[in-house]
Amino acid sequence: MVDFLKKLAIVVIIFLLLSHLAKITVINMKKTNEKDKVLYDIYESLRYAVMMSENETKPVKEWEWQSTDAEIAAQYILQKRILPYVTNHKECKPNSLDCVSGFSYLNKDDYEHINYRRGGEYVRSLFGIYDAHIALKLSGECKKNNKYSVCGIVILDINNNDSPNTMGYDVFKFAFYGDGKLLPFGIYWDRKDIESECQPDMSGESCAAKIMLDGWTMKKGGDNPYFIYKKTTQ
């Protein structure tokens with residue numbers, strides 16, 4: 001019985017792998033400019049990499065979230081736990097902008113999403129078919145098995161160095177939670193709080209959560225998009 005279950009698990013994993021590869025192939029042939037679709041594809045690719053890593057290493061909640069050296073632990077998690085399982089990646093050197101050709105100033109107040117490219121606490125890489133910019137840091141407050149506890153912050157810039165480089169527009173915030181799940185940041189907040197932080201001139205940190213709750217569509221009601229992608233004039 002045990003051998004049968006092991007074989008069944010292997011078959012399921014192989015099926016998932018082949019399905020994912022087929023999906024990636026189709027996506028790569030038909031890259032979309034619809035930013036909500038791009039965000040969903042990037043998130044799914046990252047989530048799949050995490051699932052494969054868990055299968056070959058250990059569960060997310062057992063990763064090195066509680067290390068005394070947060071930067072080294074974040075680097076290890078990104079390099080050893082995540083990147084080997086994505087389609088392709090290019091690592092960034094610490095404290096540099098080598099994964100981006102430039103930096104656009106944001107028109108918002110000084111907030112953590114302004115500094116994620118430069119902040120030493122973040123480790124970064126490009127990954128996947130869209131060359132998304134991923135930045136990871138540990139929260140330092142991880143509580144194992146607590147789904148409300150944030151263990152790691154993940155910033156996804158879906159178009160890398162292209163403007164506007166603004167949270168809620170082309171930069172989105174996710175989190176590894178204490179129960180081992182990778183979800184949009186703020187997903188466990190009250191809906192009204194998610195809505196209020198995903199508005200113009202607000203932090204935008206809950207926009208990924210709002211998009212997910214809206215069925216991965218960037219709408220705030222009716223046909224009016226709250227996601228308006230505009231390149232800034234250089």
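Q: Is Cys-198 buried or exposed?
A: This is a predicted model, in which local features need pLDDT of at least 70, side-chain atom pairs count only at pLDDT 80 or more, and totals for chains, interfaces and linings use all residues. Residues are numbered from 1 along each chain as its sequence is written, and side-chain values use heavy atoms, with hydrogens and water left out. Buried means under 20% relative accessible area, exposed over 50%, and partly exposed in between (1.4 Å probe, protein chains only). Cys-198 has 2% relative accessibility, so this residue counts as buried.

Q: Which residue forms a disulfide with Cys-198?
A: A disulfide is a covalent bond between the sulfur atoms of two cysteines. Here it is called when a pair of cysteine sulfur atoms lies within 2.5 Å. The sulfur atom of Cys-198 is 2.1 Å from that of its partner, Cys-207.

Q: What is the angle about the S-S bond in the link of Cys-198 and Cys-207?
A: Cys-207 counts as buried, at 3% relative accessibility. Its link to Cys-198 is right-handed. The angle about the S-S bond is 105°.

Q: How many disulfides does the structure hold?
A: One joins Cys-198 and Cys-207. Another joins Cys-142 and Cys-151, with sulfur atoms 2.0 Å apart. This link is right-handed too, with 60° about the S-S bond. The structure's count of disulfides is two.

Q: What is the relative accessibility of Cys-151?
A: Its disulfide partner is Cys-142. Cys-142 counts as buried at 12% relative accessibility. Cys-151 also counts as buried, and its value is 1%.

Q: What pattern of helices and strands does the protein follow along the sequence?
A: Helices (H or I, at least four residues) and strands (E, at least two) are DSSP runs, numbered from the N terminus. The protein has five helices and six strands. Read along the sequence, the pattern is α-α-α-β-β-β-β-β-β-α-α.

Q: Which strands stand at the edges of the sheet?
A: Two strands pair if DSSP finds at least two bridges between them. Six strands form an open sheet in the order 1-2-3-4-5-6, with antiparallel pairing. Each edge strand has a single partner, so one side of each is left without a neighbour in the sheet; the two are strand 1 (89-91) and strand 6.

Q: Which helix packs on the sheet?
A: In the sheet, the twist averages 30° from one strand to the next. Axes are lines fitted to C-alpha atoms, for helices over the stretch in contact (heavy atoms within 4.5 Å), and angles run from 0 to 180 degrees between N-to-C directions. The packing helix touches strand 1, strand 2, strand 3 and strand 5, and its direction makes about 135° with that of strand 3. It is helix 3 (residues 70-82).

Q: How many of the seven residues of strand 5 are buried?
A: Val-171, Lys-173, Ala-175 and Tyr-177 point one way from strand 5. Phe-172, Phe-174 and Phe-176 point the other way. The strand is largely enclosed by the rest of the structure, because its buried residues number seven.

Q: Which residue of strand 5 is the bridge partner of Val-154?
A: Strand 4 (residues 150-157) pairs with strand 5 in the antiparallel sense, over seven bridges. In strand 5, the partner of Val-154 is Phe-174.

Q: Which residue takes a positive phi in the hairpin of strand 5 and strand 6?
A: Three bridges join the antiparallel strands 5 and 6. Phe-176 stands opposite Leu-182 in strand 6. Four residues lie between the strands, and the one with a positive phi near 95° is Gly-180.
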